[in-house]
Amino acid sequence: MRLSPDRHTPPSAHEPPRGACRRTTMTVEQSQPASRFRLTRLRKARLATFFGFFQLGAMILVWSTSTSPLREHLGWGGEGGDSNFGLLALSIGIGATVGCFAIGPFIDRYGPRVTTTFTLVLYPLIYIPLAFLDGLAVAMIFGVLVGLLRGAGDTAVNAHGVQVERYYGRPIMSAFHAAYPAGGFLLGLVGSAFARHYIDNPAVLYISTGVVMSVLGAAFGKWMLGQDELLPPEAEQQPSNNSEHSGSPKTTATLAIMVGFGVLLLGSQLSEGAVIDWGQEFFRRHIDTTAAMAATAVTVYSGSQFVGRLFGDRLAEAVGSRTVLAGSGVLGSAGALTAMLAGNTTVALVGFAMLGLGLACMAPLMLSAAGRRDPANAGRNIGLVNALGYGGMLVGPAAITVIVDKFGIGFVPVLPAVLLVLVALFGPALMKTAPKYLRREETAVETLTSR
């Protein structure tokens with residue numbers, strides 16, 4: 001079976017000899033949407049996915065590097081403001097959990113372009129009101145809205161990434177997720193600079209970054225895949241003796257696997273939340289550094305995540321996703337313990353870097369497996385996994401606040417150290433149930449990407 005020509009190659013290079021039957025070529029073209037794709041169209045969709053993750057990471061680090069100025073603005077500075085800040089973080093977690101799950105059916109019905117563009121435009125702007133509020137109750141209301149758009153955007157961008165990945169027939173999700181810490185690293189540098197000059201209020205940072213990111217979100221959203229451009233679900237089917245992989249996506253086994261991925265992701269997200277929400281305060285009060293150095297420490301964490309995800313796809317192909325997940329858990333746990341036991345800034349920075357490397361590939365591997373299992377309902381499945389994962393933002397702030405109140409800020413890394421060991425122990429067994437990647441000639445991805 002031969003592939004139909006794409007629109008960038010002269011017909012003479014692909015058309016059959018005169019007199020040969022053309023019906024087979026037309027049938028393949030109609031049944032395999034990838035063969036109709038221009039290379040530039042696929043590249044635009046891939047680039048748009050990179051920006052989606054870039055924006056998510058950028059705004060997370062805008063938040064993380066501005067927590068101290070925000071606390072000063074709200075009157076929550078020092079140990080006396082820990083409880084109020086914990087409640088604000090909890091409200092964001094509640095919103096994110098709901099947003100992850102609620103957006104899923106809309107993604108499957110209206111396609112990733114509509115839903116993702118909606119979040120790319122609104123999410124960066126929702127931070128701005130926080131810089132002008134006064135009072136815990138109002139701050140928590142807007143915290144819920146921040147979380148709603150954060151969770152919805154995370155699920156939408158991941159669902160779109162899975163659909164693009166299906167065209168390539170090989171792991172590329174870690175590379176997509178590499179844009180997340182890349183955005184965090186670059187905007188972390190911006191946030192660190194603002195933290196040195198605007199120590200009492202993050203308004204200038206929120207307005208400048210929010211407007212720019214929203215405008216870019218509207219532009220890149222146009223390049224996302226529409227509902228009519230997605231590969232059909234049957235392109236993902238594999239011959240298997242295990243009915244669990246070929247049966248209904250609503251089977252008990254499938255739901256159990258999604259819950260399992262969600263529980264593992266919960267441990268990963270809780271660990272990341274410990275760094276994002278409390279990392280700056282950990283460095284300021286436990287390591288005894290300046291606010292600028294504390295913001296830099298969170299940026300180092302994000303930069304190490306970028307490095308890990310940049311090479312994550314190749315590593316997964318070389319040694320297998322199960323090995324990568326197990327090794328990541330061990331490395332991340334060791335990094336958390338290193339930071340907690342550090343006696344100086346340098347060692348603590350090394351610990352944060354190790355923690356970033358350990359957490360780098362966990363989410364991409366699990367979300368990719370969840371989405372590829374049932375492409376027609378990728379939004380719903382990724383939304384379920386993400387919702388459970390973001391539950392870490394619900395449990396995390398309360399758990400960490402208790403730890404800080406009872407034992408001090410220096411024990412913040414305890415939870416990541418314990419949870420990542422559990423991921424290393426149980427993650428490989430769950431990953432074994434995930435479908436394997438298929439390099440299907442019919443998708444024409446190798447043809448498209450080699451020209």
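Okay, a definition before anything else: when I say contact, I mean heavy atoms within 4.5 Å. With that in hand, here's the overall picture, and keep in mind that this is a predicted model. Among contacts in the protein chain between residues at least 6 apart in sequence, 84% join residues at least 24 apart.

What's the chain built from? It has 18 helices and zero strands. There are 451 residues in the protein chain, and 57% of them are buried. The accessible surface comes to about 18,100 Å², with carbon and sulfur atoms accounting for 65% of that.

Let's go inside. As a general point, nonpolar side chains in soluble globular proteins tend to be buried together. Here, the largest nonpolar core has 104 residues. Which of its members touch the most others? That would be W63, Y123, Y127, Y206, F261 and F283. Take F261: leaving out residues up to four places away in sequence, F261 touches M366, A369, A370, V385, L430 and M431.

Now the aromatics. A pair of rings is described by how far apart the centres are and by the angle of the planes. The count for this model comes to 15 aromatic pairs. One of them is F85 with W278: the ring centres are 6.0 Å apart and the planes sit at 85 degrees, so we call that pair edge-to-face. That pair links distant parts of the chain, since F85 is in helix α4 and W278 is in helix α10, residues 252-285, 193 residues apart. Are those two buried or exposed? F85 is buried, at 1% relative accessibility, and W278 is buried too, at 2%.

F283, which came up a minute ago in the core, pairs with F352. Again it's edge-to-face, with 4.9 Å centre to centre and 80 degrees between the planes. F283 lies in α10 and F352 in α14, residues 345-359, so this pair ties together parts that are 69 residues apart in sequence. Both F283 and F352 are buried. And if you're clicking around, have a look at F51, F54, F220 and W223, which form one aromatic cluster.

On to a single helix, α5, residues 112-122. Which of its residues are buried? They are P112, T115, T116, T119 and L120. Looking down the axis of α5, those buried residues fall within an arc of 130 degrees, so they line one face of the helix. Here's the textbook background: an α-helix has 3.6 residues a turn, so residues three or four places apart point the same way. And what does that buried set in α5 pack against? The partners are α2 (39-64), α4 (82-110), α6 (136-168) and α8 (203-221).

Since α8 just came up, let me stop at T209, which lies in that helix. T209 has 6% relative accessibility, so it counts as buried, the cut-off being under 20%. Setting aside neighbours within four places in sequence, T209 is in contact with M59, V62 and L187.

Last stop, cysteines. How many disulfides does the structure hold? Zero. Two cysteines to point out while we're here: C100 is buried, with a relative accessible area of 0%, and C361 is buried as well, at 6% relative accessibility.

That's my tour, over to you.

Methods: Residues numbered from 1 in each chain as written. Predicted model: local features only at pLDDT ≥ 70, side-chain atom pairs only at ≥ 80, totals over all residues. Heavy atoms only, no water. Buried < 20%, exposed > 50% of the residue type's maximum accessible area, 1.4 Å probe, protein only. Helix = DSSP H or I, 4+ residues; strand = E, 2+ residues; numbered from the N terminus. Arc of directions from axis to C-beta. Disulfide = S-S within 2.5 Å. Areas by Shrake-Rupley, 256 points an atom, 1.4 Å probe, with all protein chains shown as cover. Core = buried A, V, L, I, M, F, W, Y, C linked by side-chain atoms within 4.5 Å. Phe/Tyr/Trp six-rings, centres within 6.5 Å; stacked < 30°, edge-to-face > 60°.
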